[in-house]
Amino acid sequence: MPAYSPGFRSLDTEHDGLALDVDGEIPAWLSGSLVRNGPGRFEVGGERVEHWFDGLAMLHKFRFEEGGGKVCYSNRFLRTEAYREAVEEGRLTSQFATSGSYLDQLRSFLDDPTDNANVNVDRVGGEYVALTETPRRVRFDPTDLSARGDQTYADDMTVHHVTAHLRHDDRRGETVGYATQFGRTNKYHVYRVLDDSTANGARPSRVPVASLEVERPAYLHSFGLTRRYAVIVEPPFVVNPMRFLLPGSGGFIDKFRWKPERGTRFLVFDRETGDLTAERTAPPFFFFHTVNAFEDDETGEIVVDLVAYEDAAIVRDLFMASVEGDREDSAADAGPVLDAATGELARFRVPVEDSGRGADGGRVERRNLYTGMELPRIAPRARMEPYRYAYGQATARKGQNGLAKVNVETGEATEWWADGCYAGEPIFVPKPASEEDDEDSVAPEDRERPEDRGVVLAPVLDTETEESLLVVLDGETFEELARAHVPHHIPFGFHGEFFAEITT
Ligand code: CO
């Protein structure tokens, strides 16, 4: 068993506002709640789920009280239909890689997708929702984390696979997402939800932005958004949708195939007109997470930063049997899966208009910035802008996962590591401007782009004690300011969000 195996152990305990022991000092200005999502239980009816992505959703909340430097912890299973079926009937509905019966698969895919929303949390149309990649969004109460049923859209867009990584554009007052529709024809849809569409208690509505028919849809997890464009990055990990209808083993993801000869396509849609402004193909790579995207007005290119992998083997590597060390393939030589993650923070420059550079005018340029990263984040104010810092989980060392702050202009990185500790997604929380005690002490260039004036919050599993921590790092120096001790392990999760307005 790898040292990190407690990260894949189920958690039974639930807490409500437990004050945590804190070493060090949490900044007094920090107020609000970090809410995180991930699997809390991996066994159903005596059977283990097949894939890390298929554990039963559990929400975790770390609430910081202004002035007190205190942190209170709550956690709760997301009590969904999938949870009830799993716990009461010992039945797991078909998910990412955990198949169930053929009938279950069909039912799940066509008209009753799982509501086990364990991937991310967000605020959409004024409601807090837990998200996954099926078109089900589960509302939850931000105070006690109880599930409040599905959030439904007022429109009738038919989609089957969606992103759990929506992008917010505060300037336009909208949230943008994409979804894949499978069927006689397959389509990628880009849509937007107007942030004020739920005034007067109305249900949110998706407004179509663009659609593109594709013969072999790819597995997509996140996308890029700039002020003007939505960029679907399409790795050659594709499915013949007929496979969904044929009996066979495995779940959703097992139907996809790696076709490197296709390359990875950048599909650039104009958010205003819906036009496919550019379509560029780069040598093949796979990815889950974009970091940021923006337009470079000087070169006429779109810059897309993401965490790239050579191929889609990472999907197979995150099956439970693999993460637990039972790998039968040759990659087992590399050691436990989480100790050999190879994500590359890379910058892609995608020409939008004919740049007049001859035959190479349409070439996508790739530059690697940092090796060994996952779960990337940026400061909220850096979205869609030329920016400086990416924060992420650092994965290059054996026996631990650290945290990294990478200057994406220079590739220079500052890291945080602790022996035997596995860190998860770091979330940057900006220090409110009103809290700046001495503006004059800030260098002029930092006053313009204070993307690191604040703290970074990350969950950490200490494999020595088999307990979890929440670490608080200084955004500028990346030094540890404080750590809060959770009295048990927290299974490895995926994504979270800091909500300054959740104060109870
Ligand atoms: Co993700």
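Visitor: How many bridges join strand 23 to strand 24, and do the two run parallel or antiparallel?

Guide: Strands of a sheet pair through backbone hydrogen bonds, and the pairing is either parallel or antiparallel. In this predicted model, strand 23 and strand 24 (residues 301-309) run antiparallel and are joined by 8 bridges. To follow the pairing residue by residue, start at Phe287, which stands opposite Ala308 in strand 24.

Visitor: What lies between the strands of this hairpin?

Guide: The hairpin of strand 23 and strand 24 has 4 residues between the strands. Gly300 takes a positive phi near 70° there.

Visitor: Which sheet do these strands belong to, and in what order do its strands stand?

Guide: They are part of an open sheet of 4 strands, ordered 23-24-25-26 and paired antiparallel. Strand 23 and strand 26 (365-371) each have a single partner strand, so one side of each has no neighbour in the sheet. From one strand to the next, the twist averages 20°. At the other end of the order, 6 bridges join strand 25 to strand 26, again with antiparallel directions. Glu344 has Thr371 in strand 26 as its bridge partner.

Visitor: Why is strand 23 described as largely enclosed?

Guide: Of the 11 residues of strand 23, 10 are buried, so the strand is largely enclosed by the rest of the structure.

Visitor: How does one read empty space in a model, and what is the volume of the largest pocket?

Guide: Rolling a probe the size of a water molecule over the atoms shows where empty space is left. Here the largest pocket has a volume of about 1,100 Å³. Its lining has 48 residues, and those closest to the centre are His168, Arg377, Pro380, Arg383 and Glu497. Among the elements that give two or more residues to this lining are strand 8 (120-124), strand 23 (286-296) and strand 36 (496-499). By class, the lining divides into 23 nonpolar, 14 polar and 11 charged residues.

Visitor: How many cavities of 30 Å³ or more does the structure hold?

Guide: There are 3 cavities of 30 Å³ or more. The second largest cavity has a volume of about 80 Å³. Lining the second largest cavity are 13 residues, with Arg137, Tyr153, Val162, Thr163 and Tyr191 nearest its centre. That lining consists of 7 nonpolar, 3 polar and 3 charged residues.

Visitor: Strand 8 was named in the pocket lining. In which sheet order does strand 8 appear?

Guide: Strand 8 belongs to an open sheet of 4 strands with the order 8-9-10-11 and antiparallel pairing. Strand 8 and strand 11 (147-151) are the edge strands, each pairing on one side only. Neighbouring strands of this sheet are turned by 40° against each other on average, direction ignored. Strand 8 is joined to strand 9 (residues 127-131) by 5 bridges, and the two run antiparallel. Within this pair, Asn120 stands opposite Leu131 in strand 9.

Visitor: Now a single residue in a loop. Is Leu338 buried or exposed?

Guide: Leu338 is found in the loop between helix 4 (320-323) and strand 25 (344-351). Leu338 counts as buried because its relative accessibility is 12%, and the cut-off for buried is under 20%.

Visitor: Which residues is Leu338 in contact with, leaving aside its neighbours within four places in sequence?

Guide: With those neighbours left aside, Leu338 is in contact with Tyr4, Phe8, Leu318, Val323, Asn401 and Phe492. Leu338 and Lys398 are 60 residues apart in sequence, and their C-alpha atoms are 8.3 Å apart in space.

Note on methods. Residues numbered from 1 in each chain as written. Predicted model: local features only at pLDDT ≥ 70, side-chain atom pairs only at ≥ 80, totals over all residues. Heavy atoms only, no water. 1 Å grid on protein atoms, 1.4 Å probe; cavity = no way out; pocket = protein on both sides within 12 Å on 5 of 7 lines; lining within 4 Å. Points joined across faces, edges and corners; volume = space filled by probe spheres on them. Nonpolar A, V, L, I, M, F, W, Y, C, P; charged D, E, K, R; others polar. Pairing = 2+ DSSP bridges. Axes fitted to C-alpha atoms, helices over the stretch in contact; angles between N-to-C directions. Buried < 20%, exposed > 50% of the residue type's maximum accessible area, 1.4 Å probe, protein only. Contact = heavy atoms within 4.5 Å.
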